[in-house]
Structure formats: C-alpha cells, structure tokens
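Hello,

Here is the structure I promised to pass on to you. Have a look at it first, and then read on for what turned up.

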Amino acid sequence: MLGRIRTVADPAGGRRRVRREEIDRVRATPGFPESLRDRVKTVGTADGAALMDITPARFTRLARAGVLTPVKWYVNRYRAVVWLYLEEELRQFTASADSTALLTGRAPEGLRTRLEEGTDLRARNWRSRHAGFLLRQSEDPWERAAAGASLLDPAHLAEVVRDPYERAYLNRLKPEPLTQAAPESPTSRIVERIVTADDPNEISWLRANVILTLEEARRLRPAPRPGRPPVSASPRPHPALDPVPWPTAHVAGAAPGQWAHKTLPPEGRMPEPEGDGRREEPRGLFKWLRRRRT
C-alpha cells in the first residue's frame, strides 16, 4: 500500500498480485532485503520519540498538531488506539533544518493554540494518506468512487448518491474492513470513528469527488439492478488528471493521491443530454400506465 512494490489486480477478484518481473526488480535493489525493510519499518510513540531525541509528550503534541502523519494504527487489548509512523519519514523530518524549531525550545504560538483547543489531526491525516493508498489500487471509476465513499458517513453518502442500487454497488466495492470484530462491538465503534471523515472541509471535499467520479463511472456502465444482466466493461483510457490536494488542515498532511477534478454541475446534477433535449417517448406497458394516470 505504500507503493514500494507494484501490484496488479487479480482477474478472479482476489487479492492483488505481484508480477515476477516486479519481484526480480525488488530483489535486485542494492542492500535487499534490509533496504526494503528499512523503508517500510514503523515505530510507535516511544520509539519515534527516541529516534528524534525528544520526549514522548512532545512527539505526541507534534502528531496531534498534524506535523507528523501516521501510516498505520491498531486498537490494543485496552481499546486504546496505537498510532504508528514510518521510521524513514521521522529520520527525514529530524534531519531537516526547518524542523529544528519544532524539536527544541518552545513550540510556535499557532501550534500551541491549536493544541489548547483540543485539535487532534492524527486521524484526519491518516485518512488522507489512506485515500491515496486506495486510489493507487483502483483501476475502475466505480472502484475510485467506492474509495471515497468508504470514508463518508452513510448519511452523507445517501445525500450524494440517492440511487439505492448505486449505493449498494459502492458498498460492495468498498475495501476490506480494517477489523474483524463484531459490528456493534466497542472495537468496531472505535474503528468506524477513525475511518469516517468528521471535518467539514474534509467531508465537502469527499462529497464533491464522489460526485465527479460517479459521473465517469455512469458513462462507463450502470450499476447492477434486479432483472438486468450484469454489464462488464473495462475502464476506458483517459488522460492523466492533475492532482487535487487534500483539503488543507492547519498543517498539511501527506498527499492522498489523485482524484478526478473538473467543474461541478449545479447542485451536483448530471449534465443535460445533447441534442434537442427531448426524452424518448415511453413504450409498451409504461406508455399505457402513463395514459391511465393522465
């Protein structure tokens, strides 16, 4: 998911696979396998603070303020969230001259103010990074729409995607859940809180991108519906899209990847059909029912 090893989709719909050529490329990297392990090694708060030569309390404050972006997390047996960080990124942050003021002495006033207000950007920064992971693995517009939908609350998703069959299709394409705990267990509620967007700017950004990606997905094929045979189609080639940055927090987090971006129609509506704009006259039973209703 970090992009260190290129993967391809499984035609049978299983887990993603790694080609033999990619395995050979990774093995040919100088210093393999230790070099690869060093690039993906994660550390917690205590080890991260020791690596940066600061106290765990200062490390936690930097992470809550959004200066450090988690790459992974889990819920321990005490139902506490344990955040993990890439050791490689912490080393780069410590070596940067711009970070000296944050690692020593009194923290900047703006950072102190945000922390006093109770700001905690760890979950939001993780979601921005996780969105990039999901998009890198999405090779179909419906999958890209599902990636954004997976971070939205069901109520917000219902407002954006009013068609119940489209919502069901997006839910089917959502990534695997991050926990195998029972749906109503305390652990599941903690996981749901972390993976669901809660910031107004973040929610607006996700809603807009789901709308835009759905437009492309609908042009490719409709969502499955009862009584209709499934439509299978491969994604059509399209030009590379300019990256749309994750909504800016007080301190920018990691870039989440590339989302589709174009002018949004008024109120999220689909554009009008080309031509004279007239709809096709209903036929058969629908035409008869319409006449009776009239």
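To start with the outside: the accessible surface of the protein comes to about 18900 Å², and carbon and sulfur atoms account for 51% of that. Please keep in mind that this is a predicted model. Of the 294 residues in the protein, 36% are buried. You will find 14 helices and three strands. Among contacts between residues at least 6 apart in sequence, 70% join residues at least 24 apart.

The sheet

The three strands form an open sheet in the order β1-β3-β2, with antiparallel pairing. Its edge strands are β1 (42–43) and β2, each of which pairs on one side only. Strands of a sheet pair through backbone hydrogen bonds, either parallel or antiparallel. Here β2 and β3 run antiparallel and are joined by four bridges. Across these strands, Trp-73 has Trp-83 as its bridge partner in β3, and Val-75 stands opposite Val-81 in β3. The hairpin of β2 and β3 has five residues between the strands, and Arg-79 takes a positive phi near 60 degrees there.

Which residues of β2 are on its covered face, and which on the uncovered one? Trp-73 and Val-75 make up the covered face, while Lys-72 and Tyr-74 make up the uncovered one. This fits a general pattern: in a regular strand the side chains alternate between the two faces of the sheet.

The tryptophans

Trp-73 deserves a closer look. The structure holds four aromatic pairs. In the pair of Trp-73 and Trp-83, the ring centres are 6.3 Å apart and the planes are at 50 degrees, so the pair counts as tilted. Because Trp-73 lies in strand β2 (residues 72–75) and Trp-83 in strand β3 (residues 81–86), the pair ties together parts that are 10 residues apart in sequence. Ring pairs also bring in Trp-126, linking Trp-73, Trp-83 and Trp-126 into a cluster.

Are Trp-73 and Trp-83 buried or exposed? Buried means under 20% relative accessible area. Trp-73 has 10%, so Trp-73 is buried, and Trp-83 has 9%, so Trp-83 is buried too. Leaving aside neighbours within four places in sequence, the contacts of Trp-73 include Val-81, Val-82, Trp-126, Leu-178 and Ile-194.

The cores

Trp-73 also belongs to the largest nonpolar core, which has 27 residues. Trp-73 is among those with the most contacts inside this core, along with Met-52, Phe-59, Leu-62, Val-67, Leu-68 and Leu-111. Helix α12 (residues 186–195) contributes the largest share of this core, four residues. There is a second, separate core of 21 residues, which includes Ala-145, Ala-146, Leu-157 and Tyr-169.

Helix α9

What about helix α9 (residues 141–149), and how many of its nine residues are buried? Eight of them are, so to describe α9 as mostly covered is fair. Among the buried residues of α9 are Pro-141, Trp-142, Arg-144 and Gly-148. Ala-145 and Ala-146, which appear in the second core, are buried residues of α9 as well. The helices that the buried residues of α9 pack against are α8 (122–136), α10 (154–160), α11 (164–173) and α13 (200–220). At the N-terminal end, Asp-140 caps α9, with a side-chain oxygen 2.8 Å from the backbone nitrogen of Trp-142.

Enjoy exploring it, and do write back with any questions.

Best wishes

How values were computed
Residues are numbered from 1 along each chain as its sequence is written. This is a predicted model: local features need pLDDT of at least 70, side-chain atom pairs count only at pLDDT 80 or more; totals for chains, interfaces and linings use all residues. Side-chain values use heavy atoms; hydrogens and water are left out. A nonpolar core is a set of buried Ala, Val, Leu, Ile, Met, Phe, Trp, Tyr and Cys residues joined through side-chain atoms within 4.5 Å. Buried means under 20% relative accessible area, exposed over 50%, partly exposed in between (1.4 Å probe, protein chains only). Helices (H or I, at least four residues) and strands (E, at least two) are DSSP runs, numbered from the N terminus. Contact means heavy atoms within 4.5 Å. Accessible areas come from the Shrake-Rupley method with a 1.4 Å probe; for residues, only the protein chains shown count as cover. Rings of Phe, Tyr and Trp (its six-membered ring) pair if their centres lie within 6.5 Å; planes under 30 degrees apart count as stacked, over 60 as edge-to-face and the rest as tilted. Two strands pair if DSSP finds at least two bridges between them. A polar contact is a pair of N or O atoms within 3.5 Å; within protein, one must be able to donate a hydrogen and the other to accept it, and residues adjacent in sequence count only if both atoms are side-chain atoms.
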